[in-house]
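User: Could you walk me through the charged side-chain pairs here and explain the labels?

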Amino acid sequence: MSSPNSNPRATGGSVKQTGTGPRVNAPARPTQRPAGPAPGTRPGAARPGLVKPAPKAKARKARLLVSKVDPWSVLKMSFLLSVALGIVTVVAAIVIWTVLDLTGIFDGVNDLLREIAGSESGGFDLRQFASLGQVVSFATIIAVVNVVLLTALAMLSAVLYNISSTLVGGIGVTLTDD
C-alpha cells in the first residue's frame with residue numbers, strides 16, 4: 001500500500017498528517033484527581049465513582065462418568081496400600097503382645113488355668129505357646145498372605161469393573177468448583 005495512512009482504522013480526527021507519516025495524539029490527561037471521601041465518612045468507605053467488584057461466580061458443576069479403570073495403576077496402588085496394612089498388622093501385634101505382657105494378663109491366664117486344671121497338673125505357661133517371636137512370625141505370615149490376596153483381589157475388581165462398565169456405562173460422578 002502506498003498511501004501515507006496504511007491503517008484502515010485510523011481515519012478518525014485524532015490523526016495528524018505530517019511529512020513523516022501518521023501520528024496519533026496522546027490521550028488527554030484528567031485535569032484533577034478523583035474526589036476524596038466525603039466529609040464525615042470513614043476513609044475506607046467505597047466511593048460512588050469507583051467500579052464495583054464483579055459479582056461472585058456461581059460454583060461450576062461437571063457431571064462425568066468413570067468408564068474405565070487402568071488395571072496396572074490399580075495393581076500398583078493396591079500393592080502399596082496392602083504393604084502398608086501389613087506393616088500396621090505386624091506393629092499392632094507387637095504392641096498388643098507387649099501391653100498384654102506388661103499388664104500381667106499372661107500371668108492371670110496361667111493362674112486361672114492352674115485353678116481350673118487343679119494343682120496336680122504340670123505348670124502351664126502361656127508364654128511358651130505365645131512368645132513374642134512366635135506372635136511376630138505369625139503376624140508376618142498373615143501380612144504377606146494379605147498383601148498377595150488384596151493385590152490380586154483389587155486387580156480382579158478393576159478388570160471386572162471395566163467389563164461391567166462397558167455394559168452399563170460406568171459410575172456417574174458430579175464434580176463441583178467450590
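Analyst: Happily; what follows covers the salt bridges and the exposure labels. This is a predicted model, in which local features need pLDDT of at least 70, side-chain atom pairs count only at pLDDT 80 or more, and totals for chains, interfaces and linings use all residues. Residues are numbered from 1 along each chain as its sequence is written, and side-chain values use heavy atoms, with hydrogens and water left out.

User: What makes Asp-177 and Arg-60 a salt bridge?

Analyst: A salt bridge needs a side-chain nitrogen of Lys or Arg within 4 Å of a carboxyl oxygen of Asp or Glu. The closest N and O atoms of Asp-177 and Arg-60 are 3.2 Å apart, so the pair qualifies. Asp-177 sits in the segment after strand S4 (171-176) and Arg-60 in the loop between strands S2 (21-24) and S3 (61-66), 117 residues apart; strands are DSSP runs (E, at least two residues) and helices likewise (H or I, at least four), numbered from the N terminus.

User: Why is Arg-60 called exposed?

Analyst: Buried means under 20% relative accessible area, exposed over 50%, and partly exposed in between (1.4 Å probe, protein chains only). Arg-60 has 60%, so it counts as exposed. Asp-177, at 42%, is therefore partly exposed.

User: How do you know that Asp-111 and Arg-114 form a salt bridge?

Analyst: Their closest N and O atoms are 3.0 Å apart, so the rule is met. Both lie in helix H2, 3 residues apart, about one turn of the helix.

User: How many salt bridges are there by this rule?

Analyst: The count comes to 4.
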